[in-house]
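Work through the exercises below with the model open. Try each task before reading its solution.

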Amino acid sequence: EINGFFKFEFLVFGVIIAIAALRCMAFRVSCDNDSVYIRTGILFIKRCEIQISKLSSVQTARNPFDVIFGSVTFRINTEAGTYKRSDFEFKLRFSDAKELSKMLYGGEEVSKQRFSPIKVAIMAAATSSAFTGMIIGVPIINRAGNLLGIALSEMLLDEINNVSAKIETHFPPIVNTVSLVLLLGYAISFIYSFLKFVNFRVIMGEKKLEVCSGFFTRVRTAFKRSSVNDVKIEQTALMLLLKRYSLKVSVGGFGDPKSESQVMVPSGRYGEIKKDFSFYFPFLTPQSNYIEPKRSLLNQSRFLFWPSVLLIVVLAVSISSAIIFDEFTRFIFFLTFVALCFVFYYAYISLLEYKNGKICFGNNVLVQSKRGLRTCEMYCPKEKIGQIRLLRVFTDFYYKTCKVRITLCSESADSIQLRHIDYETAKQEILNSFNISE
């Protein structure tokens with residue numbers, strides 16, 4: 001029986017379909033040898049002409065609904081436009097999207113490189129986090145429970161409590177529960193990352209690069225080699241244990257909601273990455289002298305200053321908490337153990353920055369340092385540098401050192417820094433490299 005409520009729903013549905021049909025009729029996209037033309041709007045018409053030489057990237061995404069309807073989400077990006085959003089995003093037929101991509105970037109192809117699911121799994125495991133998994137999983141569980149009329153979240157927490165109570169350990173039950181929740185969140189994040197990057201392959205042409213990945217939603221991103229602002233070779237904690245690295249490139253105007261970085265190598269050996277991509281990115285082999293932190297026990301202690309401060313703070317808070325809340329001693333011991341693991345890893349990363357950190361100025365710029373809790377090598381052409389800052393605090397004036405921070409010139413600029421570099425040496429190298437007179 002269709003009552004008044006259902007009539008209202010059908011009316012709203014009809015209005016939505018009518019608006020979609022009008023938008024479809026009002027949309028036009030065309031292309032010639034030099035430019036792509038886009039026309040949108042019903043009452044307020046907007047026309048845009050973009051020179052193909054100004055495009056930074058073109059992206060197509062196809063989810064299961066697109067497969068059913070034979071459509072593709074097409075995104076066109078330049079280095080202008082709205083921050084962290086694609087400049088133009090619209091739907092096309094699959095055949096039309098394929099033809100438009102060919103017209104914009106051509107169909108030439110030099111080589112294709114596929115990455116096994118094991119390498120994708122290593123990257124997914126290295127970049128996943130329990131916090132991300134909970135952000136993804138909790139809304140899905142709540143919505144599924146609301147649709148089914150079942151309190152799935154409460155059922156899941158009850159099951160986690162039952163399992164944690166059965167685990168015999170030196171830690172209290174609350175620690176077991178928290179550990180299981182974190183492991184479940186990490187598992188959700190790992191599955192999400194793995195499905196996002198599975199079927200990963202890189203297609204390398206003379207002037208362009210394409211990256212394809214995804215299981216449910218297949219994403220294909222094409223960009224010119226000239227649009228690449230920098231290349232980063234990174235290593236997380238798990239990759240450090242497995243002696244693997246990942247390679248990312250920063251593409252101006254890429255439009256990703258988090259950054260402009262595009263993964264090119266999920267995981268691989270350092271030598272293989274440099275060998276495979278040095279031809280496409282010549283600036284991976286800088287030709288100039290390196291500036292390094294002074295190798296001395298005094299300078300090493302400066303790199304370990306903040307880990308030492310964190311260690312003292314963790315021990316002081318733990319001891320005082322154990323004295324005040326003696327009934328939670330085992331729980332405090334567990335939290336202290338986790339915090340100490342973090343502090344020791346932070347100290348190890350700081351030591352790597354001291355031993356391996358270096359900066360190279362010239363036609364190509366290299367900075368090898370750390371970013372957060374991962375090691376990073378950033379390579380870029382000199383013309384891509386937006387800003388170089390020499391930062392000094394009161395201790396730097398005493399030791400005649402500085403912190404060098406390099407920021408790229410892009411929409412969502414990459415930035416990296418190296419600490420405790422000799423001030424006069426860094427200053428003179430920058431002046432000579434960029435032909436600047438004091």
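Two strands count as paired if DSSP finds at least two bridges between them. The model is a predicted one.

**Exercise 1. The open sheet**

Find how many bridges join strand β2 to β3, and in which sense the two strands run.

Solution.
- Step 1. Take β2, residues 35–40.
- Step 2. Count its bridges to β3: there are six. The cut-off is at least two, so β2 and β3 pair.
- Step 3. Check the direction: β2 and β3 run antiparallel.
- Step 4. Pick out one residue pair. Val 36 faces Ile 50 of β3.

Next, place these strands in their sheet and state which strands stand at the edges.

Solution.
- Step 1. The order is β1-β2-β3, in an open sheet of three strands with antiparallel pairing.
- Step 2. The edge strands are β1 (28–31) and β3 (46–51). Each has a single partner strand, so one side of each lacks a neighbour in the sheet.
- Step 3. Add the twist: on average, neighbouring strands here are turned by 10° against each other, direction ignored.

**Exercise 2. Strand β9 and its partners**

Decide whether the residues of β9 are buried or exposed.

Solution.
- Step 1. β9 covers residues 208–213.
- Step 2. Buried means under 20% relative accessible area. Six of the six residues of β9 are buried, so the rest of the structure largely encloses this strand.
- Step 3. Sort the side chains by direction. Lys 208, Glu 210 and Cys 212 point one way; Leu 209, Val 211 and Ser 213 point the other. Such alternation between the two faces of the sheet is what a regular strand shows.

Now identify which strands pair with β9, and over how many bridges.

Solution.
- Step 1. β8 (residues 201–204) pairs with β9 over four bridges, in the antiparallel sense. Ile 203 has Glu 210 in β9 as its bridge partner.
- Step 2. Three residues lie between β8 and β9, which form a hairpin.
- Step 3. β10 (residues 218–224) also pairs with β9 in the antiparallel sense, over six bridges. Here Lys 208 is matched with Lys 224 in β10.
- Step 4. β9 and β10 form a hairpin too, with four residues between the strands. Gly 214 in this hairpin takes a positive phi near 115°.

**Exercise 3. A nonpolar patch**

Name the residues of the nonpolar surface patch and give its area.

Solution.
- Step 1. The patch is made by Phe 8, Leu 11, Val 12, Val 15, Ile 16 and Ile 19.
- Step 2. Its area is about 550 Å².
- Step 3. Locate Phe 8: helix α1, residues 4–26.
- Step 4. Classify Phe 8. Its relative accessible area is 51%. Exposed means over 50%, so Phe 8 is exposed.

Note on methods: Residues are numbered from 1 along each chain as its sequence is written. This is a predicted model: local features need pLDDT of at least 70, side-chain atom pairs count only at pLDDT 80 or more; totals for chains, interfaces and linings use all residues. Side-chain values use heavy atoms; hydrogens and water are left out. Axes are lines fitted to C-alpha atoms, for helices over the stretch in contact, and angles run from 0 to 180 degrees between N-to-C directions. Patches are made of residues with over 30% relative accessible area and no salt bridge: like charges are joined within 9 Å, nonpolar side chains (Val, Leu, Ile, Met, Phe, Trp, Tyr) within 5 Å. Accessible areas come from the Shrake-Rupley method with a 1.4 Å probe; for residues, only the protein chains shown count as cover. A salt bridge is a side-chain nitrogen of Lys or Arg within 4 Å of a carboxyl oxygen of Asp or Glu. Buried means under 20% relative accessible area, exposed over 50%, partly exposed in between (1.4 Å probe, protein chains only).
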